[in-house]
Structures are given as C-alpha cells and as structure tokens.
Amino acid sequence: MRARRLLHTAIERRSAFARLSEQDLAFFQSILGNSGVITDADALVPFNQDWQKKYEGKSRVALRPRSTEQVSEVLRYCSSRRLAVVPQGGNTGLVGGSVPVFDEVVLSTAAMNKVLEFDEVSGTLVAQSGCVLAALDEHVGARGFMMPLDLGAKGSCHIGGNVSTNAGGLRLVRYGSLHGSVLGLEVVLPEPLLPPPPSRGGGGGSSSGSSNGATASAAATAGSTADGRVLDLLRTLRKDNTGYDLKQLFIGAEGTLGVVTAVAIQCAPRPASVQLALLACPTFAAACTTLRAARRMLGEVLSAVEFLDSACSDLATAYLDGVRNPLLPQDAAAAVAGLGEAGDTGGGAAVVARGRGGGEEGLEGGGVGDDRQFYMVVETHGSDADHDTQKMERFLEHVMAEGCVTDGTLAASEAQAKTIWRLREGIAEALARRGAVYKYDVSLPTAVMYDLVEVLRQRLGAAGFGPEGGVQVRREGGVQVRREGGVQVRREGGVQVRREEGVQVVGYGHIGDGNLHLNISAPRYDDDLLHQIEPYVYEFVRQHNGSISAEHGIGLMKAGALPYSKGPVAIELMRRIKETVDPYGILNPYKVLPQR
Ligand code: FAD
Ligand code: MLT
Ligand code: ZN
C-alpha cells in the first residue's frame, strides 16, 4: 500500500505491521465493550480524516477507552500483535499527525473526559486527557480561574492533544508555553519498562493524596494496577528538581512516544479587567512598532498581540456568516446591527480615534486605503479596570500620534470583544472554506516575518499562480488547461468549464511570539504549486534561523523537512529516544521523524 501525502513524496506502509483481524476486534470488544469499538464505515470517516480534509487514512477501527487501565490494555495488545496505533484527541491538528496514514488503529481519547481534581487555592487542575479545552475553561472559570491557553479550536481540541502538540495559541505572550504550565502528566508507554508489580493493593507505588503537591494518578483513581507501562508523572508541584524532567519529552511529542492519559496544569486567576483593541496599521513595520510600544506601555497587563493582513480580514468577512471587521465602513453598519442588542452605543465598538495617516473623520463614508493593510488585536488582562483602561488609552494615544496606528476601536462590551476575536480566530475556518490551503506555521525574527509572505506572493505570481494568474497554458492530467486573469478554462467531458481561480498568499498569527501563519489558498491541491512553495519556504526559514514549526508541530506534513530546523545529532537523539520507548515503532508511525 502506498499513500500520497499531498506532498512530493510517497511513503510505503511498513510491512512489519500486522493487519487487523476479526480476533483483534473481538479482543478490543472484550475490554472496551461494543460502544468502545467503532468499525462502521460511515462512523469511521471523522476518525480517518483530518480537520482540513487534506489527510485521509483507511483505518478499520477506532477505539474509545475510558480509563488509563484500558489504554494500557490496548497498547499491550497492539504491541504484542505489532498493530500500529495513532492517538487522537479532538482531531483539530493541522499537520496530518492525528489521522492514520494507512490502516493504523485509531485510539481516541474522546471518552476520557473527567476532571479528576481542582485545587482552588493553587489553581492546579488535574484532568483526563480527553477533556475538551473549552469545557475545562468553563470548569475552572466557575471557580475564578482560566486555562493558561486559548485557541480557535477550543470547542473541539482536547487537553491531551494540546499537550501532545505543545499548542501555543492566543495568549502565550502572557501565560507562557505548556512547557511551563504543565505540572505533571500520566502517560501510557507502548512497552513496559519494568515487569508489572505483583499488586499495588491500596498502598505502594504512587501517592494517592493530593496534599503536598502529589496527586492521585488517573490509573490509581480508576482503581487500576500499573502494569509497568504507565509512566506516572502526575504531580502538581510548581518546583520539582529531581533529575531529568521527563514530562517535557511528551509535551510536543505528537503521540509518537506514549499516550497521554491525564494532565496536571497550572491555571491562572481569571482577570477582573479585560481590555481589547482592534487596530489598523499602514505597514508591517508599523505593526512591529506598535508591538514594541504595547510591550513597553502595557507591560505586565499585556495578554495578547495578534496580527492579520487585510486579505485575511476580507476572507474572514466574506466566508463566515456574521463575521465583521468593525474598522471597515461597510462592516461597521452591520456590526451596529449585530451588536446593538448588547446595549452598545453604536459603531459595533467604540471608535477610539483616527491617527495621522487615517485621513477620514468617523466611520462612515470613505474607501479603505493603504492605511489599513494590517490589523492588530491587542488585549490586556489585569485586576483594576481604571488602571488598565488608563494604560490602554495612553498606549492608543501614543501609537496613533506616532502614525503607526491609523484607526482603532476598543471593545466596550463582551459582545464587542467576541466580534473582534471572531475576526482573528475565524481565519483558519474561512481559508478552509475557500478551498485547498497550504499552511505554514513558522517562527521568524519579527521584523522579517512578513517578508516571507511578500516574497512568496511575488514568486507564485511570477510562476502563474497569483490571484490574477496572468496567462498560462499547461497540461493537467492529460487535459489542456488555460489560466487567464484568475479564471481557469478547461474542457471536461467535451464541455468548456470556467472556474474562478486565484491563488492567494496571506499572513496572520501571533506577532507577539514571532509566529507567522503563512497560508497559501488555492482552488485545489496541485503538485506544481507545491513545488513552487516547498522547499522555498523552509529554506527561507533556515536562512533566517527560524523554525519550520512554531506551534502546530511536524506531523506527517513536515516529517521530511525536519532537518531544516534540527541538526543531525539532534535528529539522531530523537530517533534513539523513540527506539528506546517504542522499539517496534507502533505509535504514530511515519510522523515527526524523517523516513530513513
Ligand atoms: P489532535 O488533532 O487529535 O492530535 C494532534 C496530535 O497529538 C497528533 O499527533 C496526535 O497523535 C497527538 N495526540 C492527541 N492526543 C494525544 C494523547 N492523548 N496522547 C498522545 N498523543 C496525542 N494550534 C496552536 O498551537 N495554536 C493555535 O492557535 C491553534 N489554533 C487552531 C485553530 C483551529 C481552528 C484549528 C482547527 C486548529 C488550531 N491549532 C492551533 C492546531 C491544533 O494543534 C490544536 O487545535 C490542538 O492542540 C490539537 O489538539 P487535538 O486534541 O485536536 O489533537
Ligand atoms: C491560528 O493561530 O489561527 C491557528 O494556529 C490556526 C491557523 O494557523 O490557521
Ligand atoms: Zn496559531
């Protein structure tokens, strides 16, 4: 069996892996029950297909264990049978890591969704790995806390998936990465590292009290006996300096080293005061100046600094129902209508002022000129509304006086804040609706971040893949295709078909973290287009000492490109760790590490 990765290379199914048999299914049913074993072809579709519908496997079974003990049983069995396994959380990953490449068994954590404990003094949360991020945020929110990460996929992604991808998200600039906020993990390894202890009874092994920073492991909570493959690192201590920090290995391991079954995480106090501004900048350099000012003037209360180019704003407002950009004249009226119920005074959100470059007075009338090439979302989390408002106002006055912000609006209600966040968070969904998307998620020095978008736009335009495309005639699958002025003309079944074409290169992301999301939107996946993008993008990133993955991970998509960001010694060490923990390579094969 060969799988084409929608990339240049094809990969072969590893012949050492067994194929699923009826006896295997009977075994899984004996430990998980019928409801824990999904084999129906229609029901399997969402497990086999990723969020973007770009990667698709052919698994014949998805398993839904409910406890650490069941995960351990499944892995013990799969290892003995050499059945490959792909761990899956909410399946919102963007690099093809969460779905099978061939017929791997899908091990879903969806049924492992219990909160195990929450300490209202320290804000430490212990939860099974299949808890949905938004549900956890609601749980701790009711107790005055918030999850230390937030992302557009919060309604579907699982905390175990977040940990396994080392997800960054919208507030990393303030609350840091999961390498800092995750306090402990419980992980089931594919192979036992020790022979199983005879029996734990009520006493030995891990501590079951939650005082003093130790916590009950999910395995112990579920009454299981550890079988030598449950790695219990589920502690809630802020400080634990006892040799190698093993949990870090599993944060960002993308399911290649073990199945995360429970997570202990430090939550932050929910802020009493939140300020949110949407700003327009004339150039990317102006956005960088605004970022510097935000860091300097908002200091300890700054909680998010995001950016999007005007093309992203157009996409989000065009493709998503109810999404508005309150800084655009045509959207402002709709925003008034949409937000009026919340008791707003109008304008969708309070228009702060016009900066030097803005030219126009007020929101009505006037076209959108060069002064709004970029938008920034700047947020503060603090404890004193008067103090924070004052700080935000001073910052806004400053950036407008400097001319790096030409227009701005400050959310005056929660509804208005949601409108602004929806514009930013909706970009991924809008792009997915437009068609095929080549997604790159890179770290670069902030000042050159947007250069990559611009050079790629030029490069693709010159190769006939621009929004207008020029005139190009070439053969696709034996059919002559002519592209002209953004319209594709081809003959299908003797009939001339015209389609709106257009490749769009857009940029957005977490500017406060030096993280650019470069996205190339196209009518369909196309190898010629891909060859224009890769390895060019990776070479650009390497030249600027960046990283080919800032937050989405490597998955299947970038496994071959890992050497652009990791040296040979580092990759060899990664391989050896993988071989030690997973000697038969059954966990998430073909992902992260380059094929030999
Ligand atoms: P999945 O997609 O199911 O899995 C992701 C990887 O983790 C796979 O390799 C899988 O094998 C592994 N895995 C999952 N669960 C486990 C487990 N319990 N044990 C071991 N391995 C496991 N990412 C960001 O970093 N920042 C963002 O701002 C962001 N925004 C997003 C917005 C949208 C609309 C979407 C669709 C995705 C976004 N992502 C973002 C990408 C994605 O990485 C995150 O959504 C999330 O962290 C993935 O969690 P999940 O539960 O869906 O994991
Ligand atoms: C985001 O920041 O919106 C996410 O990482 C998703 C994406 O990159 O499209
Ligand atoms: Zn992101």
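This report describes two ligand sites, two sheets and two backbone features of a predicted model.

## Ligand 1: surroundings

Ligand 1 is surrounded by 35 residues, and the closest of these are Pro87, Gly89, Gly90, Thr92 and Gly93. By class, the shell around ligand 1 holds nine nonpolar, 24 polar and two charged residues.

Polar contacts to oxygen atoms of ligand 1 come from backbone and side chain. At Gly97, a polar backbone atom is 3.2 Å from an oxygen atom of the ligand. At Ser98, a polar side-chain atom lies 3.5 Å from an oxygen atom of ligand 1. Asn588 also places a polar side-chain atom at 3.1 Å from an oxygen atom of ligand 1. On its own, ligand 1 has 960 Å² of accessible area, and the protein covers 96% of that area.

Three elements give two or more residues to the shell around ligand 1: strand E5 (85-88), helix H5 (159-165) and strand E12 (259-266). H5 gives the most, with five residues.

## Ligand 2: surroundings

The residues around ligand 2 are Leu94, Arg424, Ala428, Lys439, Tyr508, His510, His517, Glu551 and His552. This shell divides into three nonpolar, three polar and three charged residues.

Which residues have polar side-chain atoms listed against an oxygen atom of ligand 2 at 2.5 Å and at 3.0 Å? Tyr508 has such an atom at 2.5 Å, and Glu551 has one at 3.0 Å. In addition, an N or O atom in the side chain of Arg424 is 2.7 Å from an oxygen atom of ligand 2. The protein covers 85% of the 260 Å² of accessible area that ligand 2 has on its own.

## The five-stranded sheet

An open sheet is formed by five strands in the order E7-E8-E12-E10-E11, and their pairing is antiparallel. Its edge strands are strand E7 (115-119) and strand E11 (230-233), each of which pairs on one side only. From one strand to the next, the twist averages 10 degrees.

Within this sheet, strand E8 (residues 124-128) pairs with E12 over five bridges in the antiparallel sense. Val126 stands opposite Ala264, a residue of E12. Helix H3 (residues 68-81) packs on the sheet and touches strand E10 (182-188), E11 and E12. The direction of H3 makes about 45 degrees with that of E10. E12 thus appears in two settings, as a strand of this sheet and as an element that gives residues to the shell around ligand 1.

## The four-stranded sheet

Four strands form another open sheet, in the order E3-E4-E6-E5, with mixed pairing. The edge strands here are strand E3 (37-38) and E5, and each pairs on one side only. E5 also gives residues to the shell around ligand 1.

Strand E4 (residues 62-63) and strand E6 (residues 105-108) run parallel and are joined by two bridges. The bridge partner of Ala62 in E6 is Val106. H3 packs on this sheet, touching E4, E5 and E6. The direction of H3 makes about 165 degrees with that of E6. H3 is therefore in contact with strands of both sheets, given that contact means heavy atoms within 4.5 Å.

## Backbone features

Most residues other than glycine have a negative phi, and most peptide bonds are trans. Two places in the model depart from these patterns. The peptide bond that joins Glu534 and Pro535 is cis, with omega of about 5 degrees. Pro535 is found in the loop between helix H17 (527-533) and helix H18 (536-543).

Where is the residue other than glycine whose phi has a positive value near 60 degrees? That residue is Arg82, and Arg82 lies in the loop between H3 and E5. The loop of Arg82 thus follows on from the helix that packs on the sheets, and its other neighbour, E5, is an edge strand of the four-stranded sheet.

Note on methods:
Residues numbered from 1 in each chain as written. Chains lettered and ligands numbered in written order. Predicted model: local features only at pLDDT ≥ 70, side-chain atom pairs only at ≥ 80, totals over all residues. Heavy atoms only, no water. Near = heavy atom within 4 Å. Polar contact = N/O pair within 3.5 Å; in protein donor to acceptor, adjacent residues only side chain to side chain. Areas by Shrake-Rupley, 256 points an atom, 1.4 Å probe, with all protein chains shown as cover. Nonpolar A, V, L, I, M, F, W, Y, C, P; charged D, E, K, R; others polar. Pairing = 2+ DSSP bridges. Axes fitted to C-alpha atoms, helices over the stretch in contact; angles between N-to-C directions.
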